[in-house]
Amino acid sequence: MIKDKELFINPLKTCACTGHRVVEISFDREKLKGIFVKLIECGYDTFLIGMAIGFDTICFNILENLKSEYKIKLIACIPCLSQAYKFNKKQKEEYDRMLSIADEKIYISEEYDDKCMMRRNKFMVDNSSCLVSYIRRNYGGSVSTVNYAVKMDKTVISV
């Protein structure tokens, strides 16, 4: 694991986010923003974002905007150094922009392997007490992450 610097994460004040890469056009961003505001008002001040396209990007953008009103920290949890390798040009530009804004960056692996996404998701659940999720099918990495969070007795909020 590669970190910007030595990092202390208080799981009791930390929320992680997980969801599909494809998000419905009708997705209610205001509802998600309201969930984040309630979490912040309940004492959550750190948010772990997996930095994938789709739901992760939406979460990052909403939380980035909330930083102007609240003292919160965004931690980019990156599965491997080459995460954005297959992103298109626009997605890579947004990814780089988000990385430049993140308060901290944690790289789970240097190289891609078939388990680095799962290790990233496990890291996020293990270092948080709440998981905000966007699940619309019963398979994939986000579903496994929610199942792990439930097994670990974490609060799961479905959007």
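**Helix packing and cores in a predicted model**

I'll start with helix α5, residues 141-151, where the buried residues are S142, V143, T145, V146, Y148 and A149. Keep in mind throughout that this is a predicted model. Those buried residues of α5 pack against four elements: β2, residues 14-19, α4, residues 116-126, β6, residues 130-134, and β7, residues 155-158.

Just past the end of α5 comes D153, with a positive phi of about 60°. D153 is not a glycine, and its place is in the loop between α5 and β7. Is D153 buried or exposed? Its relative accessible area is 69%, so D153 counts as exposed.

There is a second non-glycine residue to mention here. M51 has a positive phi of about 70°. M51 sits in the loop between β3 and α2. Its relative accessibility is 0%, and M51 therefore counts as buried. So one of these two loop residues, D153, is exposed, while M51 is buried.

M51 brings me to the largest nonpolar core, which has 35 residues. Which of its residues touch the most other members? They are L32, F36, F47, M51, F55 and V132. The elements that each supply at least two residues of this core are β2, α1 (29-41), β3 (46-49), α2, β4 (73-80), α3 and β6. Of these, α2 gives the most, with seven residues. Apart from this core lies another one, of 15 residues, and L7, A16, M124 and A149 are among them. A149 you have already met, as one of the buried residues of α5.

Back to the 35-residue core, and to F36 in particular. With neighbours within four places in sequence left aside, F36 is in contact with C17, F47, C59, I62, L63, L66 and V132. Two of those partners, F47 and V132, are also on the list of residues that touch the most other core members.

C17 deserves a moment. C17 is in strand β2 and is buried, at a relative accessible area of 1%. What does C17 contact, beyond its neighbours within four places in sequence? The list is F36, L48, I49, F55, D56, C59, M124, L131 and V132. C17 and I157 are 140 residues apart in sequence, yet their C-alpha atoms are 9.5 Å apart in space.

Now the helix pairs. Take α1 and α2 to begin with. They pack at an angle of about 55°, and their axes are 10 Å apart. The two helices are therefore oblique to each other. Their crossing is right-handed. On the α1 side the residues are R29, L32, K33, F36, V37 and I40, and they meet F55, I58, C59, I62, L63 and L66 of α2. By class, that contact has ten nonpolar residues, no polar ones and two charged ones.

Helix α2, residues 55-66, also packs with α3, residues 89-101. Here the angle is about 45° and the axes are 11 Å apart. That makes α2 oblique to α3 as well. What is the handedness of the crossing of α2 and α3? This crossing is left-handed. T57, F60, N61 and E64 are the α2 residues, and they meet E94, R97, M98 and I101 in α3. The residues of this contact divide into three nonpolar, two polar and three charged.

Putting the two side by side: the crossing of α1 and α2 is right-handed, whereas that of α2 and α3 is left-handed. The contact of α1 with α2 has no polar residues, and the contact of α2 with α3 has two.

Next is α4. Its buried residues are C116, R120, N121, F123, M124 and V125. What covers them includes β2, β3, β4, β5 and α5. M124 has come up twice already: as one of the residues of the 15-residue core, and as a contact of C17.

Last, S109. S109 is in strand β5, residues 104-109. Its relative accessibility is 9%, under the 20% cut-off, so S109 counts as buried. Not counting residues up to four places away in sequence, S109 touches I78, P79, C80, L81, C116 and R119. One of these, C116, is itself among the buried residues of α4.

That is where I'll stop.

Note on methods. Residues are numbered from 1 along each chain as its sequence is written. This is a predicted model: local features need pLDDT of at least 70, side-chain atom pairs count only at pLDDT 80 or more; totals for chains, interfaces and linings use all residues. Side-chain values use heavy atoms; hydrogens and water are left out. Buried means under 20% relative accessible area, exposed over 50%, partly exposed in between (1.4 Å probe, protein chains only). Contact means heavy atoms within 4.5 Å. Axes are lines fitted to C-alpha atoms, for helices over the stretch in contact, and angles run from 0 to 180 degrees between N-to-C directions. Angles under 35 degrees count as roughly parallel, over 145 as roughly antiparallel, 65 to 115 as roughly perpendicular and the rest as oblique. A crossing is left-handed if the near helix is turned anticlockwise from the far one by less than a right angle, and right-handed if clockwise. Ala, Val, Leu, Ile, Met, Phe, Trp, Tyr, Cys and Pro count as nonpolar, Asp, Glu, Lys and Arg as charged, and the others, Gly among them, as polar. A nonpolar core is a set of buried Ala, Val, Leu, Ile, Met, Phe, Trp, Tyr and Cys residues joined through side-chain atoms within 4.5 Å.
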